[in-house]
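Hello,

I am passing a structure on to you, and you will find it just below. Please have a look at it before reading my notes.

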Amino acid sequence: MTLRKIELLPLVISITLIFIIGTGMDWLMASSGREFFPVVSLDIKDGIDHSYAGKYAQHDEFWSLVNDISIIRKQALQTVQDRTGLVITNRERFVLKFKDFSMESGFGASSMPVRTQIGDAILVTISSEQLMLGVMDIDASLVHEFIHGAMRQQMGFRNYQALPKWIREGIAVWGAGQLQERTRNVIAAAYLEERDPVSVVHQLDNMHNSSDDYLVDAILFEYIEQAHGVEVVRSLIARVVAGDNYLEAIEDATGLNWNELQRVLYKYAHGYFEEIISMSGLGEIQRAQKLYDWGKASQAIELLEELIATKEDPLLKPNAWYLVGRWSQELERFGLAAMAFTNVLDDYPDYIGLQDDSRFRLASCYVSMGEYEKALVELERFFKVHIQAPAELQVDAWFLFGRVQYALTNYLVAAQALRFAAQNRCNFVQDSFYYLCLAHLRSGEIFQSKLAMAELAFRYPYSKHLPKLKSQLDKKLLTAKQNHPL
Ligand SMILES: [Zn+2]
């Protein structure tokens, strides 16, 4: 099997999705700093707009999910009150709306203040697509947006916008319990950029330039909670909402002046990051990759298996399984590889970036083990489920499909698939020609077989397959002459 350079791609996609979902709302929040609110006409029942007429409007499943969201919405409002101490009046004015965003536009959800027939409301728009896919952490996202909404409601729009962004976002991220997830994202991003995760800890003073601005802001509130208790954070929020000077309120809450607080926070953030790094097993993944680069794939696999068994944080476990699969496949330990890819597929369906390649590789392992029927089941699933897979991978899957059909003696189907793969820059183009020649030969189409061989010879004059094919063809021609003597 040729190796493609996509080792990091699945993780890139997974992390990108997490970022999009986590930050999409805030982009719009941040850009909605206008003085007068847009007037919108909605069909609000129980805090949810029912005027959605998009592409899922006819699906029962969609409306049943909307129903679940109605419960999540109520719980989120309660969580805001319990966690932050903010008393929410006018709960019906926290309205959810659904819209068809394209996945590329990058919005998981967004929120803005609007004017409706029931008065000023905070309107949270949720992507119908992501609701259907189930890839959003809706609970935390709603709590986050509702905290913005509740503070804005109590302070008035102008006063709330006058607060520095880091206070507004710090409270929302802390209150929604998103600190740990965002820390993991920043650490995972460092991993993708092939930086040592520990370097992230050392660069904490530059974190405001990092991919997640709100992270350090939330750490302040997390620190206050851990050091002084959640009541102290609630009193601090109450003072900010009442219009007190926020710097004085923070100094009173912590008993530290601003300079002392900076030093304490820096130290606290270090400890916090180191703990999350250790829980995620990122250090182990990097060590395993070094071992693999040094040609010690077996030891690398052992290290990953230990990570999977001992680390609490599931963030990198699917990636660890995926690497176990790839490296075992290279070592021709196909049984272990198949198990690893099956785990990725069955246990981590949310890691979309890992799914299509794992499915393809699982089918490859079955082919290597001679289990063609099982391979066929996976390939059929591949074509049905992974329609978004990269074109290159799809063409490779057609090769594998042809290879399996050949083994199952369905030569005509095999020939079609293999020709498609051979003509579309498949990574297995010579193998595609090889099995194409054989498929034609087995179905008695000697002329087609000769043509395919000529094409292979023209494009790859030194292909290792040519001598084998030539002798097969000669044999067939000889038998044909004996059966039909001139
Ligand atoms: Zn926000």
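Here is what I found in it, from the overall picture down to single residues.

Please keep in mind that this is a predicted model. The protein has 23 helices and five strands. Of its 486 residues, 42% are buried. If you take the contacts between residues at least 6 apart in sequence, 66% of them join residues at least 24 apart.

Let me begin with one helix, α12, which covers residues 258-280. From the first C-alpha to the last, these 23 residues reach 32 Å, close to the 33 Å expected at 1.5 Å a residue. The buried residues of α12 are A269, F273, I276, I277 and S280. A general point helps in reading that list: an α-helix has 3.6 residues a turn, so residues three or four places apart point the same way. Just after α12 comes G281, with a positive phi of about 80°.

Next, two pairs of packed helices. Such pairs are described by the angle between the axes and the distance between the axes.

The first pair is α2 and α4, the latter being residues 138-155. Their axes are 9 Å apart and meet at an angle of about 55°. This angle makes α2 oblique to α4. The crossing of α2 past α4 is right-handed. On the α2 side, the residues in contact are I69, I72, R73, A76, L77, T79, V80 and T84. Their partners in α4 are I138, D139, L142, V143, F146, I147 and A150. Sorted by class, this contact holds 11 nonpolar, two polar and two charged residues.

The second pair is α17 (residues 352-368) and α18 (residues 372-385), with axes 8 Å apart at an angle of about 160°. The two helices are therefore roughly antiparallel to each other. Here the crossing is left-handed. From α17, the residues D356, R359, F360, L362, A363, Y366 and V367 take part. They meet Y372, K374, A375, E378, L379, R381 and F382 of α18. By class, the contact of α17 with α18 has nine nonpolar, no polar and five charged residues.

Finally, some single residues that you may like to find for yourself.

Where is N90? This residue is in the loop between α2 (60-84) and β3 (94-99). Phi of N90 is near 55°, a positive value in a residue other than glycine. Is N90 buried or exposed? N90 counts as exposed, because 12 C-beta neighbours lie inside 10 Å, and a residue with 12 or fewer is classed that way.

E332 also has a positive phi without being a glycine, with a value near 60°. E332 sits in the loop between α15 (317-330) and α16 (334-347). With 9 C-beta neighbours inside 10 Å, E332 counts as exposed.

The last residue is V230, in helix α10 (residues 230-241). V230 counts as partly exposed because it has 15 C-beta neighbours inside 10 Å. V230 and G85 are 145 residues apart along the chain, and their C-alpha atoms are separated by 9.7 Å.

I hope these notes help you find your way around.

Best wishes

Terms used
Residues are numbered from 1 along each chain as its sequence is written. This is a predicted model: local features need pLDDT of at least 70, side-chain atom pairs count only at pLDDT 80 or more; totals for chains, interfaces and linings use all residues. Helices (H or I, at least four residues) and strands (E, at least two) are DSSP runs, numbered from the N terminus. A residue is buried if 20 or more other C-beta atoms lie within 10 Å of its own, exposed if 12 or fewer, and partly exposed in between; C-beta atoms are placed from the backbone. Two residues are in contact if their C-beta atoms, placed from the backbone, lie within 7 Å. The expected span of a helix is 1.5 Å times one less than its number of residues. Axes are lines fitted to C-alpha atoms, for helices over the stretch in contact, and angles run from 0 to 180 degrees between N-to-C directions. Angles under 35 degrees count as roughly parallel, over 145 as roughly antiparallel, 65 to 115 as roughly perpendicular and the rest as oblique. A crossing is left-handed if the near helix is turned anticlockwise from the far one by less than a right angle, and right-handed if clockwise. Ala, Val, Leu, Ile, Met, Phe, Trp, Tyr, Cys and Pro count as nonpolar, Asp, Glu, Lys and Arg as charged, and the others, Gly among them, as polar.
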